[in-house]
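Subject: Structure handover

Hello,

Here is the structure I promised to pass on. Please open it alongside this note. My findings follow below.

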Amino acid sequence: MGADESQAERRRVIRERVTAEGFLRIQDLAEEFGVSVMTVHRDFDALQGQGWLRKVRGGATAMPSTVFHGDVRQRMAAMADTKRMLARAAVELIPPGSSVMLDESTTCLHLAQLLAERAPLTVITYFQPVIELLTRRPGINLIALGGEYFPAYDAFLGLYTAEGVGKVRADTLFMSTTAISHGRCYHQSQETVQVKRALLAAASRRVLIVDHTKFTRQGLYTLAPLTDFDLVLVDDRLPAAEQRRIRDDGVALTVVHR
């Protein structure tokens, strides 16, 4: 096995192990693979840059994003019926001839599957599965935003993507979030927050689409309060008490029923 192949295989193993085990020690990996500590440091640097782990003293921890964002197929399967129901409600908000932005959530990927029925549309996104889905789709004018590719999200994120967002404007933004706590949205990476804040600034109407499980999770970086959105769509399994708290905060909340 060549040096490049050996490096790729080692990083694949590290990525899978840190996701499964939660923490890996640099010294243990160096001994296991028969490489230097500095080589493992370089592996960690590369994987951290891609969003798979976070370096800490003496090792690395799994990024929560690898749980929420690691595999698009797994994410599409999670809460799939609820996401399809929310996507069906969301597509009714889109008039033909308008422009929409979609973030890197699988909820918006479900929505993207319905967009052809609202054509003609202009769709702006940086999420690779949506780009692939809508490429050459009749009636869809697709604007794909580039930047640094993050395999853990299957999306382009970071500074260059955020700058690209700043050069366009959409009638409606559809977005989801990793976690909602005390009336605020949270995400697990600064790169994600950077791009999503740019999206919020570039849309005339901002719609947050979330299933009820997002209200039981915790996030690391603050994105925005719920009051920054013109509308929040949620499924009917969100407890009534939580619905009241959200509305009492002045948030426009629509509960989508099965």
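Which strands does helix 1 lie across? Helix 1, residues 3-21, lies across strand 1, strand 2 and strand 3. Its direction is at about 125° to strand 1. Before you go further, note that this is a predicted model.

The sheet

Those strands belong to an open sheet of three strands. The order is 1-3-2, and the pairing is antiparallel. Strand 1 (23-25) and strand 2 (53-56) are the edge strands, each pairing on one side only. From one strand to the next, the twist averages 25°.

Look next at strand 2 and strand 3. Strand 3 covers residues 59-62, and four bridges join it to strand 2. The two run antiparallel. To find one of these pairings, start at Arg54: its bridge partner in strand 3 is Thr61.

Helix 2 also meets the sheet. Helix 2 (residues 26-33) lies across strand 1 and strand 3. It runs at about 65° to strand 1.

The core

How many residues does the largest nonpolar core have? It has 77. Leu102, Leu111, Leu115 and Phe174 have the most contacts inside it.

Take Leu115 as a way in. Leaving out residues up to four places away in sequence, Leu115 touches Val91, Ile94 and Leu102. It also touches Leu121, Val123, Leu134 and Ile140.

Rings

A search of the whole structure finds two aromatic pairs. One of them is formed by Phe150 and Tyr153. Their ring centres are 6.5 Å apart, with 70° between the planes. This pair is edge-to-face. Phe150 and Tyr153 are both buried.

Trp52 has a charged partner. The charged end of Arg15 sits over the ring of Trp52. The distance to the ring centre is 4.7 Å.

Glu132

One last residue. Glu132 is in helix 8, which spans residues 128-134. Is Glu132 buried or exposed? Its relative accessible area is 53%, and the cut-off for exposed is over 50%. Glu132 therefore counts as exposed.

How far from Gly34 is Glu132? Along the chain, the two are 98 residues apart. Their C-alpha atoms are separated by 40 Å.

For a quick tour, begin with helix 1 across the three strands. Go on to Leu115 and the residues it touches. Then view Arg15 over the ring of Trp52, and finish at Glu132 in helix 8.

Best wishes

Definitions and conventions:
Residues are numbered from 1 along each chain as its sequence is written. This is a predicted model: local features need pLDDT of at least 70, side-chain atom pairs count only at pLDDT 80 or more; totals for chains, interfaces and linings use all residues. Side-chain values use heavy atoms; hydrogens and water are left out. A nonpolar core is a set of buried Ala, Val, Leu, Ile, Met, Phe, Trp, Tyr and Cys residues joined through side-chain atoms within 4.5 Å. Buried means under 20% relative accessible area, exposed over 50%, partly exposed in between (1.4 Å probe, protein chains only). Contact means heavy atoms within 4.5 Å. Two strands pair if DSSP finds at least two bridges between them. Axes are lines fitted to C-alpha atoms, for helices over the stretch in contact, and angles run from 0 to 180 degrees between N-to-C directions. Rings of Phe, Tyr and Trp (its six-membered ring) pair if their centres lie within 6.5 Å; planes under 30 degrees apart count as stacked, over 60 as edge-to-face and the rest as tilted. A charge sits over a ring if NZ of Lys or CZ of Arg is within 6 Å of the ring centre and within 35 degrees of the ring normal.
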